[in-house]
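Please look over the chain shown here. The report covers its cores, its aromatic pairs and a few single residues.

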Amino acid sequence: MSGWQAVGVVFEGQSIDLGGLNPWKHEWSRTFEDPVELPHPAHPNQRHRMDVYVIENSGTTVRFAAGELSAGVWGFYIPA
């Protein structure tokens with residue numbers, strides 16, 4: 001999966017743990033990296049374009065890829 005590991009699929013705003021941080025509670029900063037194309041965690045034949053972001057809080061920085069898989073449903077990935 002090109003260096004990325006699926007964390008999960010959640011509804012927009014639903015809690016998910018990315019390295020100890022819930023991304024919905026922090027400001028996302030998009031990186032200058034090209035988007036990555038990754039498989040849907042539950043449907044590997046479906047591929048989706050994900051932007052790469054970082055969030056920071058209290059000295060913790062988390063890099064992740066995320067994208068809307070369908071209306072209000074988001075997939076999250078962290079570097080493998």
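The sections below go from nonpolar cores to rings, then to individual positions.

## Basis

The model is predicted, and side-chain atom pairs count only at pLDDT 80 or more.

## Nonpolar cores

The largest nonpolar core has eleven residues. Its members are Val10, Ile16, Leu18, Leu21, Tyr53, Ile55, Val62, Phe64, Ala66, Trp74 and Phe76. Strands E4, E5 and E6 (73–79) each supply at least two residues of this core. E5 gives the largest share, three residues. Another core lies apart from it. This one has eight residues, including Leu38, Val52, Ala65 and Leu69.

Ile16 belongs to the eleven-residue core. Neighbours within four places in sequence aside, Ile16 is in contact with Val7, Gly8, Val10, Leu21, Asn22, Pro23, Trp24 and Phe76. Val10, Leu21 and Phe76 are also listed in that core.

## Aromatic pairs

How many aromatic pairs does the count come to? The count is nine. Trp24 and Trp74 make one edge-to-face pair, at 5.7 Å centre to centre with 85° between the planes. Trp24 sits in the loop between strand E1 (4–11) and strand E2 (29–30), while Trp74 is in strand E6, so the pair ties together parts 50 residues apart in sequence. Trp24 is partly exposed, at 25% relative accessibility. Trp74 is buried, at 14%.

Trp24 also pairs edge-to-face with Phe76. The centres are 5.7 Å apart and the planes meet at 85°. Here too distant parts of the chain are linked: Trp24 is in the loop between E1 and E2, Phe76 is in strand E6, and the two are 52 residues apart. Phe76 is buried because its relative accessibility is 0%, where the limit for buried is under 20%. Ring pairs join Trp24 and Phe76 with Trp28, Tyr53, Phe64 and Trp74 in a cluster. Tyr53, Phe64, Trp74 and Phe76 from this cluster are also members of the largest core.

## His48

His48 is found in strand E4 (residues 47–57). Is His48 buried or exposed? It is buried, because its relative accessible area is 16% and buried means under 20%.

The side chains of His48 and Gln46 are joined by a polar contact of 3.5 Å. Residues up to four places away in sequence are not counted in the next list. On that basis, His48 touches Val36, Glu37, Leu38, His40 and Leu69. Leu38 and Leu69 are both among the residues of the eight-residue core.

## Two loop positions

Where does Ser58 lie? Ser58 is in the loop between E4 and strand E5 (60–70). Its phi is positive, at about 50°, although Ser58 is not a glycine. Ser58 counts as exposed because its relative accessibility is 74%, and exposed means over 50%.

Gly20 lies in the loop between E1 and E2, the loop that also holds Trp24. Gly20 is exposed, with a relative accessible area of 56%. Gly20 and Val62 are 42 residues apart in sequence. In space, their C-alpha atoms are 8.6 Å apart. Val62 is one of the residues of the largest core.

Definitions and conventions:
Residues numbered from 1 in each chain as written. Predicted model: local features only at pLDDT ≥ 70, side-chain atom pairs only at ≥ 80, totals over all residues. Heavy atoms only, no water. Helix = DSSP H or I, 4+ residues; strand = E, 2+ residues; numbered from the N terminus. Buried < 20%, exposed > 50% of the residue type's maximum accessible area, 1.4 Å probe, protein only. Polar contact = N/O pair within 3.5 Å; in protein donor to acceptor, adjacent residues only side chain to side chain. Contact = heavy atoms within 4.5 Å. Core = buried A, V, L, I, M, F, W, Y, C linked by side-chain atoms within 4.5 Å. Phe/Tyr/Trp six-rings, centres within 6.5 Å; stacked < 30°, edge-to-face > 60°.
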